[in-house]
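Biologist: I am new to this structure and would love a close look at one part of it. Could you walk me through that part slowly, explaining your terms as you go?

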Amino acid sequence: NLSRWGIFVAIMIARGKNASDLFPAVVKNVACKNIEVKKLVYVYLVRYAEEQQDLALLSISTFQRGLKDPNQLIRASALRVLSSIRVTIIVPIMMLAIKEAASDMSPYVRKTAAHAIPKLHSLDPEQKDQLIEVIEKLLADKTTLVAGSVVMAFEEVCPDRIDLIHKNYRKLCNLLIDVEEWGQVVIINMLTRYARTQFLNPNINVSITHMCESEPATLAKRKPYVMDPDHRLLLRNTKPLLQSRNAAVVMAVAQLYFHLAPKAEVGIIAKALVRLMRSHSEVQYVVLQNVATMSIKRRGMFEPYLKSFYIRSTDPTQIKVLKLEVLTNLANETNISTILREFQTYIKSMDKDFVAASIQAIGRCATNIGEVRDTCLNGLVQLLSNRDELVVAESVVVIKKLLQMQPEQHSDIIKHMAKLIDNIQVPMARASILWLIGEYCEHVPKIAPDVLRKMAKSFTNEEDIVKLQIINLAAKLYLTNSKQSKLLTQYVLNLAKYDQNYDIRDRARFIRQLIVPTDKSGALSKYAKKLFLALKPAPVLESPFKDRDHFQLGSLSHLLNAKAAGYQELPNWPESAPDPSVRNVEVKDSVCAERTVLTGPEGAGVLLLQTTRGSSNMQDLPKKRPKTLTKKNPLLLYLKNQKSASESESESESSESEEESEEESEEESESDTNVRKKRVRLDWNRIPCIINFDQFDMNKITSVFSQTLAPSGSIKMYELLHRIKGEGLAVEYCFSRQPFSPEPNMVAVQIQFTNNTNSETKNLHIEDPRLQSGMRIREFAEIGLQPSESVTVVMGIDFCDSTQAANFQLCTHTRKFFVSIQPPVGELMTPAFLTENDFKKEQGKLMGMNEILEKLTLGEKCVNEHVIVERVTATANLSRVPCGSDKECRFAGKTVSSGCLVLVTVTTKEGGGAQLTVNCEKMLIGTMLVKDILQALSQ
Amino acid sequence: MIHSLFLINNAGDLFLEKHWKSVISRSVCDYFFEAREKAVEPDNVPPVIRTPHHYLINIYREKIFFVSVIQTEVPPLFVIEFLHRVAETFQDYFGECSESTIKDNVVIVYELLEEMLDNGFPLATESNILKELIRPPTILRSMVNTITGSSNVGETLPTGQLSTIPWRRAGVKYTNNEAYFDVVEEIDAILDKSGTTVFAEIQGVIDACVKLSGMPDLTLSFMNPRLLDDVSFHPCVRYKRWESERVISFVPPDGNFQLMSYHISAQNLVAIPVYVKQNISFFETGSSGRLDITVGPKQTMGKTVEGLVVTVHMPKVVLSANLNATQGTYNYDPVTKILVWDIGKLNPQKLPNLKGSLSLQSGAPKPEENPSLNIDLKIQQLAISGRLGSFISVGCDSLPAGPCDKALLLLTLF
């Protein structure tokens, strides 16, 4: 049984057993049909190929065949396994395969090619130059699938070739939000380095003010700092990723902001980082390390979140210690009392390592903040009577450091500590006390010799550091109080002379020469007192995280505080900015725009422009815009724009500055599931009428967008109220096929009233609509009609994507008429703009029950494509989708109310036959549409 | 990037290894064992260990150490996040992530690891894609597989990998279209001895179980989104839409997933639902002590408190506890020094009380610190953040077309 056998081999590998003897038997199954066995054979092959090179070669041809397979997934997996086989002989084959795959049609295969690059590079570094060419090619790829993988390859093969990034910088920034999470991390880290080489330090003014206060002239000479728009683009496009669920992405964005953003903006990352503190303890560990570094440089950023760093009894020790570090860094005059209170609780903890760290933290707070030094010192002295020896020892060490700052006032503390020497056994603490007594022996002249006496007694049993301090103490006493301590000192030095540790023997010899006057004693002994009793500078208690930010935050090297292999230094900001034009991308001018109106993903009426060159269209547009559009209902323009965001933004800004046209355009790149679109919102402000639809000039709008908006030249009018029945009032309506701007999911109905009587008709309005559930109606404002006047108004009806009639009463000041509007199915939709590929993709999703196929014979007049297009668009409000074949016409639309896609395909055949395909999620709409189009085409 | 992965259990047995590049000898784990020994508690093992030639990044989950070997610079969080994703995938596939389930399903585990990383770089980590590639085991299927010799590996090609929305499988069909949303909120609070709140915050997550056909596009809106202080989203959520309109718009993955997590920090909002009166004292002589704990309801808004558990970390000198509980059961573990009192449902009429004596190691000095108490509880049908939850509305931008005419959206809150 092949499959069981495969499982057996897999288990062997997983357990780390050597299964290489089975190699020939396994490899012959490489072409096996069973997929699971096949996969396991691959696993086996990759694992042992290095050891059994000759045999591995037998399998290569299978993969080479796979590389030519029509299925992209098979091509990809063949490349994946082939490139994983670590046999140098096949390097040329791999190289060829990678090159070929890099220009494959399928983005998935190209992604696999990107993955294969580092594999080949590690197998044979000599291929580097060729691989860089492939990387360059793949970097230009426009799909999100490839972006992450190729940047990863770039980082491994040629991280220093920053020039390859220039042309792709803006594209990468724009794609970023849609790249998969892991790719985002790699790209953000790479872009951080890139930005450090290409842009100016945004905080340059701040640092200059600090440094050159004395020379205001230099400051004035400097040009004011203006952020490069590309720099801004990067900051803006990474910001939403702070909300990622992936901690690595959040950290990557945080470090980017820390290293690149102006001081005022760095603050936003604090919240996201604090959020990560609620994640797994390993994540907390890494985040806290980075927060600790950041909190030294930018304390204010984390101050509002002080309490989030409070320690929980359930935290692992390493987390507690890091939190303490952060709390200490955040301490300042205002919050120190709360922090100290918190520290007091920590000292009672059962976790001794943590208590020790807390005591040290108190010490650091005391040195940094002068006001609380005495309070801290008192608190620490109280701890000296603690029962736990570790606590006492740690306190002693910290007190020693604190006392050094102001020893005069604290001789009582020194006395107290001298008493402790009998009980404390921790060597570090003993050494500290001895040093203290020696250093300040003049403050405690009575006790010091006594301590030395005790120590001389126990000298042989002490630890090395204690012994050294005893010698020091003896020497200092000898110099200040030789009468009492001369003999003791001699004794101690004699003991030390025969100590096992050569350090101690050395020290004893050195000190004896220095302090005991003999005939041979050199010039130095004169200065012995100066040497030993010099004023020592107080120690500075520093955070171990100080200056760690020269490593890129979030990196392994930062965490270890040592350069890891393959770490790329974070470059310093350049003095002057390199040429920003290197990032410009040339675009072809020739492609013209195609425009259509559709219902966007949000269900809003939007105008979609697809253009490969955004600038000209965007600037032209405001000039074309109709003057009589409603005010509060901006049309949304979707620009599917392949130009970079920064450019389009700067352009929209420039048009903004021409404020006489007072449109407000704001630009944001929107993450859409299918396509990335730039969205430009144009707000036409100055037009006064809001709901006064009778002034709504349809013809003007239609003329602006006539090529696309109303594809069928004539609009069919329906009768709502006949002249005779309406006693002189005639009402007709038509579906104007305009987006109804107050409510995007309503169908706009244009109603024309004609007053055929001799008297004025007043208060014409709608009353008492009786609608199916879900349907809604937006009435027009009340109007009046002069004799033989004709007025057109627009009302909106949400038909809920059904062809049910909307019934209502039309009231004048004298009469009421019951009328109803029933929409043909084709009017329930609005054109959707799709590319050929999108169309196919969407069609693929709407198969099965959502697809209706119908054969038909074309009518006599349907002789060419043009007529078919005309007929279909007259029947239904759809837009034409570009299509390569002239036998096929494709149309796409969305239902107005719910935005379901409606896809129509008409395939003509020889001899007047044709096939109609309608794909729509709403089967009812599909069926009715088929009927209508059939009728239109077979006439 | 990630070079190799070793799975090590609590006892220090290495039971699975996987290499994505050339093979690294398992002796590299000796450095890990050394650190493990030094750390005493498994929680305290440093996540990043440096060895002469490699770096070991490890996580500890479900009593298993996932130890990965790194050779070059890589963001540590990248690896940690990935390892957690691996553990979550195992949990998703086998119901739990334990040594025995991994050993039982070693082939699937191996296949999963093979698909998740390529040359050390994450390839497919979305559960929807993985399930297309490798089917999760079920009892029925494993029986069929043994008899017929067929496999767990999907016969179909994984088209999900090609899609721009990799988190969703294509061609999903359900007879009943349902979507459930669970809002789970947790209070995280530190109280001092007298019961005053030192620090409190509310964390919430919205877990979703979406079983809708086709490509549904959903929106979720809150009546009061300003309450949400800090949010993080599943990648399917459109960030821009949230930033501009405060509406969560997304094409959901198929099945269970965590849609978002949020944070509410306004301190005055947080009402702690219970109070605890505790008195734990140790006598100077006689090596014994007293313990008296009472739990009562505080602000529960008329809801019952369930699953109440009080955990006390006793000082090391406490040998045993002789207690009497008016409700629930207690258990003192003399090895870990943890006293667990499982109360269950809180009855406001008769407050549960735990009382009795503690015996200490004779001769040992009286412990000076008061032990800290951890209290876990559950309240159904109540959002602590109050105003947020009751106004959640779910909209469906494009209703999926299934065999049934109307898509049914069920909303279970809390």
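Modeller: Gladly; here is a sheet, followed by a short look at a helix pair. This is a predicted model, where local features need pLDDT of at least 70 and side-chain atom pairs pLDDT 80 or more, while totals for chains, interfaces and linings use all residues. Residues are numbered from 1 along each chain as its sequence is written, chains are lettered from A and ligands numbered from 1 in the order written, and side-chain values use heavy atoms, leaving out hydrogens and water.

In chain A, an open sheet is built from four strands in the order β11-β9-β13-β14, with antiparallel pairing. Strands here are DSSP E runs of at least two residues, and helices are H or I runs of at least four, numbered from the N terminus; strands pair if DSSP finds at least two bridges between them. β11 (783-785) and β14 (816-821) of chain A are the edges, each with a single partner strand, so one side of each has no neighbour in the sheet. From one strand to the next, the twist averages 35°, with angles running from 0 to 180 degrees between N-to-C directions of axes fitted to C-alpha atoms, for helices over the stretch in contact. At the β11(A) edge, two bridges connect it to the antiparallel strand β9 (residues 761-770) of chain A. There, Leu764(A) has Ile783(A) of β11(A) as its bridge partner.

Now the helices: α28 (residues 464-480) and α29 (residues 482-497) of chain A pack at about 150°, their axes 8 Å apart.
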